[in-house]
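Subject: Structure handover

Hello,

Here is the structure we talked about handing over. Please open it alongside this email, and then read on for what was found in it.

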Amino acid sequence: MEPRGLVDLRGEAGAPFTVQYPADAVVVVSGLPGSGKSTLLRRWSAQAAAAATVDPRAVHEACEAVMPAALPYAVYRPWARLEHARLLRSSVRRGGPLLVHDCGSRAWMRRWLSRAAAAQGRELHLVLLDVGAATA
């Protein structure tokens, strides 16, 4: 499937599907917490070994690994967010396929990603996981 416009990915339970984007596309996956963004990105990145994935959870865990155990995340959250932005910037500049986990609360980041991708002649695709709060 080469998605254009609105595509319902639910299909039949357990039925496999393949989604293809241009080789240098930036694909942003957004949705409520618990909607399946990380799961979808993990599955896609397993299929496309060349695609870099930027997930804020991975940055959080990397920061947590170097911080004292007694230090609460709220204290070093600004550093973790700065590291995430740095990683995202370098990943976009590197080129090639890029999968981005988006929490959905930072419209400025999606605008920046769109401008950065366009400046490189790359397409940006937004995959919005429409999952109700009860399900998420």
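In which hand does α2 pass α3, left-handed or right-handed? The crossing is right-handed. One caution before the rest: this is a predicted model.

**Overall layout**

The protein chain holds four helices and four strands. Read from the N terminus, the order of elements is β-α-β-α-α-β-α-β. The chain has 136 residues, and 29% of them are buried. Take the contacts with a separation of 6 or more: 70% of them join residues 24 or more positions apart.

**α2 against α3**

Helix α2 covers residues 56-66. Its axis and that of α3 come within 9 Å and cross at roughly 125 degrees. The two helices are therefore oblique to each other, since that angle is neither under 35 nor over 145, and lies outside 65 to 115. From α2, the residues in the contact are Pro56, Val59, His60, Cys63, Glu64 and Val66. From α3, they meet Tyr73, Tyr76, Trp79, Ala80, Glu83, His84 and Leu87. By class, the contact of α2 with α3 has nine nonpolar, two polar and two charged residues.

**The aromatic pair**

The count of aromatic pairs comes to one. The partners are Tyr73 and Tyr76, with ring centres 5.2 Å apart and planes at 85 degrees, so the pair is edge-to-face. Over 60 degrees is the cut-off for that label. Both tyrosines sit in helix α3, residues 73-94. They are three residues apart, about one turn of the helix. Both also appear in the α2 contact. Their exposure is as follows. Tyr73 has 26% relative accessibility and counts as partly exposed. Tyr76 has 5% and counts as buried.

**α3 against α4**

Helix α4 spans residues 107-119. The axes of α3 and α4 come within 11 Å and cross at roughly 20 degrees. That is under 35 degrees, so α3 and α4 are roughly parallel to each other. The crossing of α3 past α4 is right-handed. On the α3 side, the contact uses His84, Leu88, Arg89 and Val92. On the α4 side, it uses Met109, Trp112, Leu113 and Ala116. The contact of α3 with α4 divides into six nonpolar residues, one polar and one charged. His84 takes part in this contact, and His84 is also listed where α2 meets α3.

**Two single residues**

Ala117 is in helix α4. At 1% relative accessibility, Ala117 counts as buried. Set aside its neighbours within four places in sequence, and Ala117 is in contact with Val26, Arg122 and Leu124. The C-alpha atoms of Ala117 and Val92 are separated by 7.2 Å, with their positions 25 residues apart along the chain. Val92 is one of the α3 residues that meet α4.

Gly95 lies in the loop between α3 and β3, the latter being residues 98-102. With 28% relative accessibility, Gly95 counts as partly exposed. The C-alpha atoms of Gly95 and Ala25 are 8.7 Å apart, while the two residues are 70 apart along the chain.

**Where to look**

For a quick pass, start at Tyr73 and Tyr76 in α3. Then go to His84, which meets α4 residues. Finish at Ala117 in α4.

Best regards

Terms used. Residues numbered from 1 in each chain as written. Predicted model: local features only at pLDDT ≥ 70, side-chain atom pairs only at ≥ 80, totals over all residues. Heavy atoms only, no water. Phe/Tyr/Trp six-rings, centres within 6.5 Å; stacked < 30°, edge-to-face > 60°. Buried < 20%, exposed > 50% of the residue type's maximum accessible area, 1.4 Å probe, protein only. Axes fitted to C-alpha atoms, helices over the stretch in contact; angles between N-to-C directions. Left-handed = near helix turned anticlockwise from the far one by under 90°. Contact = heavy atoms within 4.5 Å. Nonpolar A, V, L, I, M, F, W, Y, C, P; charged D, E, K, R; others polar.
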